[in-house]
Every structure is written in structure tokens, then in C-alpha cells.
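Here are my notes on this one, set out as numbered points. Have the model open while you go through them.

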Amino acid sequence: MIGEPEVHEEFEARLKAYEGLPAAATGVGRDLVNEPMIRHWCEAMGDTSPAYTGPDAIAPPTMLQAWTMAGLTRRPERTAAYDELLTLLDESGHHAVVATDCEQEYLRPLRPGDRVTFDSVIESVSGRKTTRLGTGYFVTTRTDVRAGGELAGTHRFRILKYAPAQRPSKPAERRPRPVVNRDNAGFWEGVARHELLIQRCTACRTLRFPWLPGCNTCGSPDWDTVAASGEGTVYSYVVMHHPPFPAFEPPYAVGLVELAEGVRIVSNVVGVPYDEVRIGMPVRLEFWRYDEELELPVFQGVGP
């Protein structure tokens, strides 16, 4: 990474030497200006101007760059000088890149059937700039687009090649806290005692989980609890890969565990690689402490 001021000056002089050199030798558009591409562009942009349809149609001026794009392949007409400039910036630590803005000037309309040619020049390399992304250099290229040998428009494109700013490390994220209310407070009190409590209707003796204010079977509001034995099997599961959540490190397995008592609970399956979790796998209840405040029931795999 560039350090002292005089080193910056020497480095910037090397960058400035590339100004005026070609960035792309004469290139030819991969396709003629054509009606299908114009139609797709207009549909995507919601542009219903009659100028872009019919026998006298022109291409929307803002499509200027579209006719010069090389697709997903490397642009064959890109010059060694432009590659050298980018390599010089990469090797000095300015390896990140972001497009910042573009300017276009339209000189004559393009029409279906026109064959576009173009060439690019490294118009400018800025002095060292500090941005929120990091410190780097703005590189501007100018592309002249022609049709039938006549200049149709100019496209200036500016990128920032930068060294990403060092951001202060964030404190370790905590797992989300459970929502405790009057309907489930007893469950969390049981977890604090290392008991997994299941509600039981005192009228019809039906077990239920998760906790509810009344029985789904007979409607009785009266209930007591029984402590789960801790034995169960994986009824179903998913492996979380994406998106990542704070305090969780993917990939990890989340299981729907059927307890020996017949009710099911969602929790992490631990103690076995995530890709070895299987439906029907025996598991056993454990309580894991994640921080000074949070302890949760999880299920340890205990068999094939």
C-alpha cells in the first residue's frame, strides 16, 4: 500500500502517464442496431414514445452504451495500456472497484440496421481521493461511438479503484431474545430449571406444544404441566445456508423434533455435522447457554 507523500506523488505521476492512451482499440458492435433490442429496452424502461416504433423508428439515445457491450466475455478490443493501469492500481492495494457515474452526449440518432463502431481512451486519472468506501483513484474513460463513420455519441464512464477502508470490528452479536408473555412464562421458567415443560389439559388430558391459553381439543382453559423425558426423534429438518443472521453461523440444522410424549418442538440439532442430520435420527434434550442471559433447549444427535 502506498505510504509517504513523496511516494504518492511518484505513484500518481506513473498513473498520469496513462492519460491519453487508448483503453480500447476500434471495436465493432456485436449486433446491428435492431428493433427487438429497442423493444426490450423500451419495455424495461416503460418508455412508450412513438419515436422508437414504426418504419422511421430510432433507437433511444440512452441505449448508446448497449450497442458497444461485449456481453459476459472479456472485451477483445481492450488495450494492454488499460490492463497495465488497472494492474498497477491492484498491486498498490487499490484492488476494489465500483462504478461511480457516466456522462453521455448524443450527436445523431441511431436507427435499425446501423453498424456501430467505437474506440475508447483513458481520459483522466484523478489524484488520490478519500471516500467512505476507502482511499483510491477515479479513472475516467471516454468512448466515441460511430455509425457509418459518423460520430453518433460520446460516453464517459468513471470508476473508483480503491483500497477498502478498515472498519472497526463490531461487538459480537447476541441471539434474539425470546418473547415472554403471560401465556408462555411458565415454559421459560422451566427452561431456567433445565426442564422442558409440556402443557396438559386437566379436562381431557391432551398434551399440547407450543403453549396455548386453552385446549384445542375440548376448549378447556385449565391445564397443568408435565416435564418431557428429553428423548425424541427428528421428524423433519432444514439446513440454513442463506441469508446469514447475526449471531448465527451457517450452515446449521434446524429440526422439528417429535418428543417421546408425542408433541413436536422446533430447535437446533447439535453435536452432529449439519449434513448428517436425517429424518428419524434419535436426539436427546440438552440446554445450551449462549450468553449470560440466554439458555435454550437444543437436541443432541445420539444415533445414526
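Is Arg174 buried, partly exposed or exposed? Partly exposed: its relative accessibility is 43%. Keep in mind throughout that this is a predicted model.

1. Let me stay with Arg174 for a moment. Its side chain forms a salt bridge with that of Glu293, at 3.2 Å from N to O. Arg174 sits in the loop between β6 (150–164) and α4, while Glu293 is in the loop between β13 and β14, so this pair ties together parts of the chain 119 residues apart in sequence. Glu293 itself is exposed, with a relative accessible area of 53%.

2. Glu293 has another partner. Its side chain also meets that of Arg177 in a salt bridge, 3.4 Å from N to O. Arg177 lies in the loop between β6 and α4 and Glu293 in the loop between β13 and β14, so here the parts tied together are 116 residues apart in sequence. Arg177 counts as partly exposed, at 30% relative accessibility. Put it all together and you get a salt-bridge network that links Arg174, Arg177, Asp291, Glu292 and Glu293. Side chains of opposite charge can pair when their charged atoms come close.

3. The whole model comes to 20 salt bridges. One I'd look at is Glu123 with Arg142, at 3.2 Å from N to O. This pair links distant parts of the chain, with Glu123 in strand β3 (residues 116–125), Arg142 in strand β5, and their positions 19 residues apart. Both ends are partly exposed: Glu123 has a relative accessible area of 26%, and Arg142 has 24%.

4. Next to Arg142 in the sequence, have a look at Thr141, also in strand β5 (residues 134–147). Thr141 counts as buried because its relative accessibility is 11%, and the cut-off for buried is under 20%. Leaving out residues up to four places away in sequence, Thr141 touches Ala23, Tyr82, Val121, Ile122, Glu123, His155, Arg156 and Phe157. So Glu123 turns up again, this time as a contact of Thr141.

5. Now the helix α4 (residues 185–192). Which of its residues are buried? They are Gly186, Phe187, Gly190 and Val191. These four cover an arc of only 145° around the axis, which puts them on the same side of α4. The cover over them includes β7 (197–201), β13 (282–289) and β14 (295–301). Just after the helix, His194 takes a positive phi of about 60°.

6. The largest nonpolar core has 21 residues, and Leu196, Leu259 and Phe299 have the most contacts inside it. Two or more residues each come from α4, β7, β11 (252–259), β12 (264–270) and β13. Setting aside neighbours within four places in sequence, the contacts of Leu196 are Phe187, Val226, Ala227, Ala228, Leu259, Ile265, Leu285, Phe287, Pro297 and Phe299. Another core lies apart from this one, with 16 residues that include Ile38, Met63, Ala66 and Ala147.

7. Strand β7 is mostly covered, with four of its five residues buried. It pairs with strand β9 (residues 223–227) in the antiparallel sense, over five bridges, and Arg200 stands opposite Asp224 of β9. β7 is also joined by two bridges to strand β8 (residues 207–208), again antiparallel. There, Gln199 has Arg208 as its bridge partner.

8. The β7–β8 hairpin has five residues between its strands, and one of interest is Arg205, with a positive phi near 70°. Arg205 is not a glycine, and it counts as partly exposed, at 46% relative accessibility. Ala247 is another non-glycine with a positive phi, about 75°. Ala247 is in the loop between β10 and β11 and is partly exposed, with a relative accessible area of 32%.

9. Finally, two peptide bonds to check by eye. The bond from Phe209 to Pro210 is cis, with omega near 5°, and Pro210 is in the loop between β8 and β9. His242 and Pro243 are also joined by a cis peptide bond, with omega about 0°; Pro243 lies in the loop between β10 (231–240) and β11. For context, most residues other than glycine have a negative phi, and most peptide bonds are trans.

Key
Residues numbered from 1 in each chain as written. Predicted model: local features only at pLDDT ≥ 70, side-chain atom pairs only at ≥ 80, totals over all residues. Heavy atoms only, no water. Buried < 20%, exposed > 50% of the residue type's maximum accessible area, 1.4 Å probe, protein only. Arc of directions from axis to C-beta. Contact = heavy atoms within 4.5 Å. Core = buried A, V, L, I, M, F, W, Y, C linked by side-chain atoms within 4.5 Å. Pairing = 2+ DSSP bridges. Salt bridge = Lys/Arg side-chain N within 4 Å of Asp/Glu carboxyl O.
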